[in-house]
Amino acid sequence: MGWIKASAMLAFGLVLANGCVGDSGASGGGLSLPEDIGEACSDLGSALCDRGIECGLIGVADRLSCENAAFRACCADDGVCGADIDDGITSSEWNRCIDGFASESCQDIDNGNLPSECIGI
């Protein structure tokens, strides 16, 4: 399992469990490749919270709380946010992964499944 699946699904599971709320925002589109795990966790948190909101899995009132909870669960709680990403992925692969959340089924998001574009990253 890639670090993205582990950290993203842990983050989103905790977001849902804590009843985090947020409002809709932008998708990956033209993101550059993250420089460190913290930046990657921010990107993932935004994509997860956006899709969770669209699916009605979390509320619309406080997107920032949702992203903060996802970020903490993804890397802040274990202190790895500043660690370099050395997976050999390209910015194109990263954008496909982030953008994949927008089309992922709500059932898959609710079940903790990542978009196929993220598998192996």
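How far apart should the ends of helix 2 be at 1.5 Å a residue, and how far apart are its end C-alpha atoms? Keep that in mind while you get your bearings.

**The whole chain**

What you have open is a predicted model. Show it as a cartoon and you'll see five helices and zero strands, so to speak an α-α-α-α-α pattern when read along the sequence. Of the 121 residues in the protein, 42% are buried. Now think about contacts with a separation of 6 or more: 81% of them are between residues 24 or more positions apart.

**Helix 2, end to end**

Select residues 37-54, which is helix 2. Back to the opening question: its 18 residues should span 26 Å at 1.5 Å a residue, and the end C-alpha atoms sit 25 Å apart, which agrees. Turn on the surface of everything else, and look at what is left of the helix. With 15 of its 18 residues buried, helix 2 is largely enclosed by the rest of the structure.

Zoom in on the start of the helix and pick D36 and G38. A side-chain oxygen of D36 comes within 3.1 Å of the backbone nitrogen of G38. Then travel to the other end: after helix 2 comes G56, and its phi is positive, near 75 degrees.

**Next stop: helix 3**

Add residues 63-76, helix 3, to your selection. The axes of helices 2 and 3 come within 8 Å, crossing at roughly 135 degrees. That angle makes helix 2 oblique to helix 3. The crossing is right-handed.

Show side chains where the two meet. From helix 2, pick I37, G38, C41, S42, G45, S46, C49 and D50; their partners in helix 3 are R63, C66, E67, A70, F71, C74 and C75.

**Last stop: helix 4**

Swap helix 3 for residues 91-103, helix 4. Its 13 residues should span 18 Å at 1.5 Å a residue, and the end C-alpha atoms are 19 Å apart, which agrees. Color W94, N95, C97, I98, G100 and F101: these are the buried residues of helix 4.

How do helix 2 and helix 4 cross, and at roughly what angle? Their axes come within 8 Å and cross at roughly 20 degrees, and the two helices are therefore roughly parallel to each other. This crossing, too, is right-handed.

To finish, select A40, D43, L44, A47, L48, R51 and E54 in helix 2. They meet W94, I98, F101 and A102 in helix 4. Among those partners, W94, I98 and F101 are ones you have just colored as buried.

How values were computed:
Residues numbered from 1 in each chain as written. Predicted model: local features only at pLDDT ≥ 70, side-chain atom pairs only at ≥ 80, totals over all residues. Heavy atoms only, no water. Helix = DSSP H or I, 4+ residues; strand = E, 2+ residues; numbered from the N terminus. Expected span 1.5 Å × (residues − 1). Buried < 20%, exposed > 50% of the residue type's maximum accessible area, 1.4 Å probe, protein only. Polar contact = N/O pair within 3.5 Å; in protein donor to acceptor, adjacent residues only side chain to side chain. Axes fitted to C-alpha atoms, helices over the stretch in contact; angles between N-to-C directions. Parallel < 35°, antiparallel > 145°, perpendicular 65-115°, else oblique. Left-handed = near helix turned anticlockwise from the far one by under 90°. Contact = heavy atoms within 4.5 Å.
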